[in-house]
Amino acid sequence: MTITITAFERSPDRGRGLARDMRVRWALEEAGQPYDVSLVSFETMKQPAHLARQPFGQIPTYEEGDLSLFESGAIVLHIAERHGGGLLPRDANGRARAIAWMFAALNTVEPPVFDHSLARILERNEPWYEQRLHALENSIRKRLDSLSTHLGDADWLDGAFSAGDLLMVSVLLRLKSSNILDEYPNLAAYVARAEARPAYQRAFAAQLAVFHAASGG
Ligand code: GTB
């Protein structure tokens, strides 16, 4: 069955793989599933046809036969459950723990990381910008301290690479343009290890090709 996802026609990240279609592409690559991409503009995303797929008018979405899904975390979980690719352990307890890490990535670590990148774009000219940035960086450090302690010198969060690692790394990648990740050598190495995975590389190249095509090169 053909899988079709949506992604930005022109991603504001200029091909850096930071938009949330990247995690879906990566999961599909890990699972060895071919997919089509429907590129949407900001205008198209707010039209009824797209709102029927994604009530908040955002990307990514995922269509497979009569299934239409939104929310990148739910999509990655679906891919892991239906298409495998070793994204979830076979044993029930390991599987539950991997899913807990998926939630931790999206619900515990991503909020301060997302607020931080948003502040750097939208609040740069505010008189309170430096204070806000400092507060957000401290919120991020609080999470990274714990994550770094948990990871220790392991390769992945809980045994073998899982959808939990895929989402956690997707979130941490947003910190690359700041220096915060460098304060945690084991987390920086964790991110690099994930980026070296062939499935990540294929997904990254695919979204970069969209950016190059849109910018005429
Ligand atoms: N919770 C939803 C999910 O996980 O699927 C959130 C989806 C979401 O935030 N989508 C964003 C979107 O469609 C794109 S990824 N925004 C348009 C809108 O809301 O109108 C977020 C994103 C955007 C840009 C960058 N960047 O330029 O670096 C990075 C991430």
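Helices here are DSSP runs of H or I with at least four residues, numbered from the N terminus. With that in hand, α1 is a helix followed by G32, whose phi is positive, near 70°. One thing to keep in mind as you work: this is a predicted model.

**Exercise 1. The sheet**

Task: Work out the strand order of the sheet, and find which strands are at its edges.

Solution:

Step 1. Begin with strand β1, residues 3–8, and look for its partners. Five bridges join β1 to β2, and these two strands run parallel. Two of the pairs to look for are F8 with V40 and I5 with V37.

Step 2. Now turn to the other partner of β1. Strand β3, residues 61–64, pairs with β1 in the antiparallel sense over three bridges. Here T4 has E63 as its bridge partner, while I3 has E64.

Step 3. Move on from β3. Four bridges link β3 and β4, again in the antiparallel sense. In this pairing E64 stands opposite L67 of β4.

Step 4. Put the pairings together. The four strands form an open sheet in the order β2-β1-β3-β4, with mixed pairing. Its edge strands are β2 (36–40) and β4 (67–70), each of which pairs on one side only. From one strand to the next, the twist averages 20°.

**Exercise 2. Backbone angles worth a second look**

Task: Which residues have a positive phi although they are not glycines, and where is the cis peptide bond?

Solution:

Step 1. Check the loop between β1 and α1, where R14 is placed. R14 is not a glycine, yet its phi is positive, about 55°. R14 counts as exposed, because it has 11 C-beta neighbours inside 10 Å and the cut-off for exposed is 12 or fewer.

Step 2. Go to the loop between β4 and α4, the place of E71. E71 is not a glycine either, and its phi is positive at about 75°. With 17 C-beta neighbours inside 10 Å, E71 counts as partly exposed.

Step 3. Compare a glycine. The hairpin of β3 and β4 has two residues between the strands, and G65 takes a positive phi near 60° in it.

Step 4. Look for the cis bond. The peptide bond from I59 to P60 is cis, with omega near 0°. P60 is placed in the loop between α3 (48–51) and β3.

**Exercise 3. A helix inside the structure**

Task: Is α1 enclosed or exposed, and what do its buried residues pack against?

Solution:

Step 1. Count the buried residues. In α1, 10 of the 10 residues are buried, so the helix is largely enclosed by the rest of the structure. Charged and nonpolar side chains are both on the list, which includes D21, R23, W26 and L28.

Step 2. Find the surroundings. The buried residues of α1 pack against β1, β3, α4, α7 (163–172) and α9.

Step 3. Check β1, one of these partners. β1 is mostly covered, with five of its six residues buried.

**Exercise 4. Where two domains touch**

Task: Which elements give two or more residues to the side of domain 1 that touches domain 2?

Solution:

Step 1. Set the bounds. According to the domain assignment, domain 1 is 3–86 + 199–214 and domain 2 is 92–197. Their centres, taken over C-alpha atoms, are 21 Å apart.

Step 2. Take the contact itself. Domain 1 puts in 14 residues and domain 2 puts in 13 residues. On the domain 1 side, the elements with two or more residues are α1 (21–30), α4 (72–83) and α9 (198–214). α1 gives the most, with five residues.

Step 3. Sort that side by class. Its residues divide into nine nonpolar, three polar and two charged.

**Exercise 5. One leucine and one ligand**

Task: Is L136 buried or exposed, and which residues come nearest the ligand?

Solution:

Step 1. Locate L136 in helix α6, residues 129–151. L136 is buried, because 21 other C-beta atoms lie within 10 Å.

Step 2. List its contacts, leaving aside neighbours within four places in sequence: P112, D115, H116 and A119. L136 and H116 are 20 residues apart in sequence, but 5.8 Å apart in space, C-alpha to C-alpha.

Step 3. Turn to the ligand. Of the 13 residues around the ligand, P12, D13, L18, Q58 and S72 come nearest. By class, this shell has six nonpolar, four polar and three charged residues.

Conventions:
Residues are numbered from 1 along each chain as its sequence is written. This is a predicted model: local features need pLDDT of at least 70, side-chain atom pairs count only at pLDDT 80 or more; totals for chains, interfaces and linings use all residues. A residue is near a molecule or strand if its C-beta atom, placed from the backbone, lies within 6 Å of it. A residue is buried if 20 or more other C-beta atoms lie within 10 Å of its own, exposed if 12 or fewer, and partly exposed in between; C-beta atoms are placed from the backbone. Two residues are in contact if their C-beta atoms, placed from the backbone, lie within 7 Å. Two strands pair if DSSP finds at least two bridges between them. Axes are lines fitted to C-alpha atoms, for helices over the stretch in contact, and angles run from 0 to 180 degrees between N-to-C directions. Domain bounds come from an automatic or database domain assignment.
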